[in-house]
Amino acid sequence: MPLNSALDRQITVLPSDSYDFTSVTDNRNAILSLAKFGRNTIDLISRDLDRRLNDKTELCQKLKNFILANRRARVRILLQNTTLIRRHSHKLVGLSHHLPSYIEIKITSQEHSNYNSAFIVVDDIASIYCQIADRYEGTINFNNRRLANNLKQTFNQMWSQAKISQNLRRLSL
């Protein structure tokens, strides 16, 4: 079944619900789908929060709904480069300023600065994985706990060594 058909239907996850995508539109739709699917945690690693994927009002609204639906909800974002989002405002960074108790953004350590993949893990069961971060090719898995746990372990290791970006923090007076 094509990815668009899978995303448009009422999601009933099965162990084999895995779909490949090759375009920016499919990648964006996959991200929106998982944001809607999430209940507790969303962990995202990206080079620079690609504007074509993540700087969208619809994504921010889904993340906000995700957070407001569960007071224990948590979104963690790991970035490798903040240059572009510092130069131009980014909706997702703005949302993190409004909901700082729920959305954390860190910068990968020097040890992980050459990590070349991008992924999202939702509720330790669903994921999007792009082997090469700069490409829009990847796989969405709605129900693959083993893959999600492997990605989550990678994320947690990188997160524990990451630093809070002073450039992305908002000063409150």
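Here are some exercises on this predicted model, each with a worked solution.

**Exercise 1. The chain as a whole**

Find out how many helices and strands the chain has, and what share of its residues count as buried.

*Solution.* Start with the secondary structure: the chain has seven helices and eight strands. Next, take burial: 48% of the 173 residues count as buried. Finally, look at the contacts with a separation of 6 or more: 76% of them join residues 24 or more positions apart.

**Exercise 2. Helix H2 on its own**

Compare the span of helix H2 with the expected one, then work out which of its residues are buried.

*Solution.* First the length: H2 covers residues 24–37, which is 14 residues. From first C-alpha to last, H2 reaches 20 Å, close to the 20 Å expected at 1.5 Å a residue. Now for burial, where the cut-off is under 20% relative accessible area. Ten of the 14 residues in H2 pass that test, so the helix is mostly covered. The buried set is Val24, Asp26, Asn27, Ala30, Ile31, Leu32, Ser33, Leu34, Ala35 and Phe37.

**Exercise 3. H2 against H4**

Are H2 and H4 roughly parallel or roughly antiparallel, and which residues meet where they pack?

*Solution.* Two numbers get you going, since packed helices are described by the angle between their axes and the distance between the axes. For H2 and H4 (residues 57–68), the angle is about 15 degrees and the axes are 8 Å apart. Angles under 35 degrees count as roughly parallel, so that is the label for H2 and H4. The crossing of H2 past H4 is left-handed.

Now list the partners. On the H2 side you have Ile31, Leu32, Ala35 and Lys36. They meet Glu58, Leu59, Lys62, Leu63 and Phe66 in H4. Sorted by class, this contact has six nonpolar, no polar and three charged residues. To make sense of the spacing, remember that an α-helix has 3.6 residues a turn, so residues three or four places apart point the same way. Ile31, Leu32 and Ala35, part of the H2 side of the contact, are also among the buried residues of H2.

**Exercise 4. Two aspartates in one loop**

Asp123 and Asp124 each have a positive phi; find the two values and decide how covered each residue is.

*Solution.* Begin with location: Asp123 sits in the loop between strand E5 (118–122) and strand E6 (126–130), and Asp124 lies in the loop between E5 and E6 too. Then check the backbone: phi is about 50 degrees for Asp123 and near 55 degrees for Asp124, though neither residue is a glycine. Last comes accessibility. Asp123 has a relative accessible area of 17%, so it is buried. Asp124 comes in at 27%, which makes it partly exposed.

**Exercise 5. Met158 and Ser101**

Which of Met158 and Ser101 is buried and which is exposed, and what sits close to each in space but not in sequence?

*Solution.* Take Met158, in helix H7 (residues 145–161). Its relative accessible area is 1%, so Met158 is buried. Leaving out residues up to four places away in sequence, Met158 touches Ile45, Leu78, Thr108, His112 and Tyr115. One of these, Thr108, is 50 residues away in sequence, yet the two C-alpha atoms are 6.5 Å apart.

Then turn to Ser101, in the loop between helix H6 (91–98) and strand E4 (103–107). With 67% relative accessibility, Ser101 counts as exposed. Its C-alpha is 9.5 Å from that of Ala73, which is 28 residues away along the chain.

Technical notes. Residues are numbered from 1 along each chain as its sequence is written. This is a predicted model: local features need pLDDT of at least 70, side-chain atom pairs count only at pLDDT 80 or more; totals for chains, interfaces and linings use all residues. Side-chain values use heavy atoms; hydrogens and water are left out. Helices (H or I, at least four residues) and strands (E, at least two) are DSSP runs, numbered from the N terminus. The expected span of a helix is 1.5 Å times one less than its number of residues. Buried means under 20% relative accessible area, exposed over 50%, partly exposed in between (1.4 Å probe, protein chains only). Axes are lines fitted to C-alpha atoms, for helices over the stretch in contact, and angles run from 0 to 180 degrees between N-to-C directions. Angles under 35 degrees count as roughly parallel, over 145 as roughly antiparallel, 65 to 115 as roughly perpendicular and the rest as oblique. A crossing is left-handed if the near helix is turned anticlockwise from the far one by less than a right angle, and right-handed if clockwise. Contact means heavy atoms within 4.5 Å. Ala, Val, Leu, Ile, Met, Phe, Trp, Tyr, Cys and Pro count as nonpolar, Asp, Glu, Lys and Arg as charged, and the others, Gly among them, as polar.
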